[in-house]
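Here is a walk through one chain, from its overall build down to a handful of single residues. Keep the viewer open as you read.

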Amino acid sequence: MILETIAEATRKRVAAEKEKCSLAEMKEKATAMNPDTGFPFEQELKKPGMSFICEVKKASPSKGIIAEDFPYLEIAKEYEAAGASAISCLTEPEYFKGDKRYLKKIAETVSIPVLRKDFTVDPYMIYEAKVLGATAVLLICALLPEETLKEYLETAHSLGLSALVEAHDEAEVAQAMRAGARIIGVNNRNLKDFTVDIHNSERLRELVPENIVFVSESGIKTPEDVGRLYQNKTDAVLIGETLMRSSNKKAELEKLSSMC
Ligand SMILES: O=P(O)(O)OC[C@@H](O)[C@@H](O)c1c[nH]c2ccccc12
């Protein structure tokens, strides 16, 4: 299964990185930074109206190369100027052609919150996200036993980082809530077979109380998709491909939000 393959590659990558900068050292750097961020990622998504998390993504295992030309910093600036609430930046290098340097540079440049989009399988990656300037990390339920998820959430929160906890079905939504998630994202893409169904997040919406931020992720393409999710009390949408393929991101974002 692709998710496990990526997780395994990530474990290897992190093991190699620890040779250069140990866990103790990374933790030290992260904890020396100001934890009192006021959780801007969560605050942005909680604002009235639909919030847009716009993703900077060059490639994906399901789509291959999405953007041949990839001026990531310009893209991030365009998202910000277009009114994005936050930016999601892929840092996974092998399958998504992401890079930690993209995240660092984007976080230095824009003033909206930046999510580190990666396959968090080690607390090291949470400390590193903080050091790179991220305001939030992704935690995928399918990769983390409940106790581990709880522990990672506590680590993130103690550093002032928000966590977008990704679930795909009822059991994972329940796991996310028990672990103390404040932001739950339902992925419309099934990571086992890559099928996309935005009905998935519509269906699971009612399981999440309104004090927890609810995000719909993946496969969102039209103003009708966004409008339907908005009617269904979705706080935010996470959109990658549709925006990445658009040559005028501001116009595209305006169009996508036109039915909210
Ligand atoms: O490009 P899309 O279909 O709009 O999807 C964006 C985002 O939801 C997707 O990239 C994603 C959702 N969960 C992930 C976990 C890891 C990597 C990527 C993802």
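## Overall build

A compact globule of 260 residues would have a radius of gyration near 18 Å, and the chain agrees with that at 17 Å (the radius is taken over C-alpha atoms, and the globule rule is 2.2 Å times the number of residues to the power 0.38). Bear in mind that this is a predicted model, in which local features need pLDDT of at least 70, side-chain atom pairs count only at pLDDT 80 or more, and totals for chains, interfaces and linings use all residues. Residue numbers start from 1 along each chain as its sequence is written.

Along its principal axes, the C-alpha trace spans about 50 × 40 × 40 Å. You'll find 13 helices and 10 strands in the chain; these are DSSP runs numbered from the N terminus, with helices being H or I of at least four residues and strands being E of at least two.

How much of the chain is buried? Buried residues come to 46% of the 260. Here a residue is buried if 20 or more other C-beta atoms lie within 10 Å of its own, exposed if 12 or fewer, and partly exposed in between, with C-beta atoms placed from the backbone. Of the contacts with a separation of 6 or more, 68% link residues 24 or more positions apart; two residues are in contact if their C-beta atoms, placed from the backbone, lie within 7 Å.

According to the UniProt record, an unreviewed entry, residues 3-256 are covered by the annotation "domain: Indole-3-glycerol phosphate synthase". UniProt positions are given in the numbering used here, feature names are shortened, and annotations may be inferred rather than shown by experiment. That span is 47% helix and 17% strand, and its end C-alpha atoms lie 29 Å apart.

## The core

In soluble globular proteins, nonpolar side chains tend to be buried together. In this chain, the largest nonpolar core has 77 residues. Such a core is a set of buried Ala, Val, Leu, Ile, Met, Phe, Trp, Tyr and Cys residues joined through C-beta atoms within 7 Å. Ile87, Leu115, Ala163 and Ile184 have the most contacts inside it. Leaving out residues up to four places away in sequence, Ile87 touches a list of partners that includes Cys54, Val56, Tyr79, Ile106 and Leu115.

Thr135 sits in the loop between helix 7 (123-132) and strand 6 (136-140). Is Thr135 buried or exposed? Thr135 counts as buried, because there are 25 C-beta neighbours inside 10 Å. Phe41 is 94 residues away in sequence, yet the two C-alpha atoms are 6.4 Å apart. Beyond four places in sequence, the contacts of Thr135 include Phe41, Pro113, Val114 and Leu161.

## Around the ligand

The ligand is surrounded by 14 residues, and the closest are Glu217, Ser218, Leu238, Gly240 and Glu241 (a residue is near a molecule if its C-beta atom, placed from the backbone, lies within 6 Å of it). Strand 10 (236-239) and helix 12 (241-244) are the elements that give two or more residues to this shell. By type, the shell divides into 3 nonpolar, 5 polar and 6 charged residues. Ala, Val, Leu, Ile, Met, Phe, Trp, Tyr, Cys and Pro count as nonpolar, Asp, Glu, Lys and Arg as charged, and the others, Gly among them, as polar.

Glu241 belongs to helix 12. Not counting residues up to four places away in sequence, Glu241 touches Lys63 and Ile66. Cys54 is 187 residues from Glu241 along the chain, and their C-alpha atoms are separated by 9.4 Å.

## Less buried spots

Here are some residues side by side.

| Residue | C-beta neighbours within 10 Å | Class |
|---|---|---|
| Glu241 | 18 | partly exposed |
| Phe194 | 14 | partly exposed |
| Pro93 | 14 | partly exposed |
| Arg245 | 13 | partly exposed |
| Lys233 | 12 | exposed |

Phe194 is not a glycine, but its phi is positive, at about 70°. Phe194 lies in the loop between strand 8 (183-187) and helix 10 (199-204). Lys233 also has a positive phi without being glycine, near 65°, and sits in the loop between helix 11 (223-231) and strand 10.

Arg245 is in the loop between helix 12 and helix 13 (249-256). Pro93 is part of helix 5 (residues 93-96) and, neighbours within four places aside, is in contact with Gly98 and Asp99.
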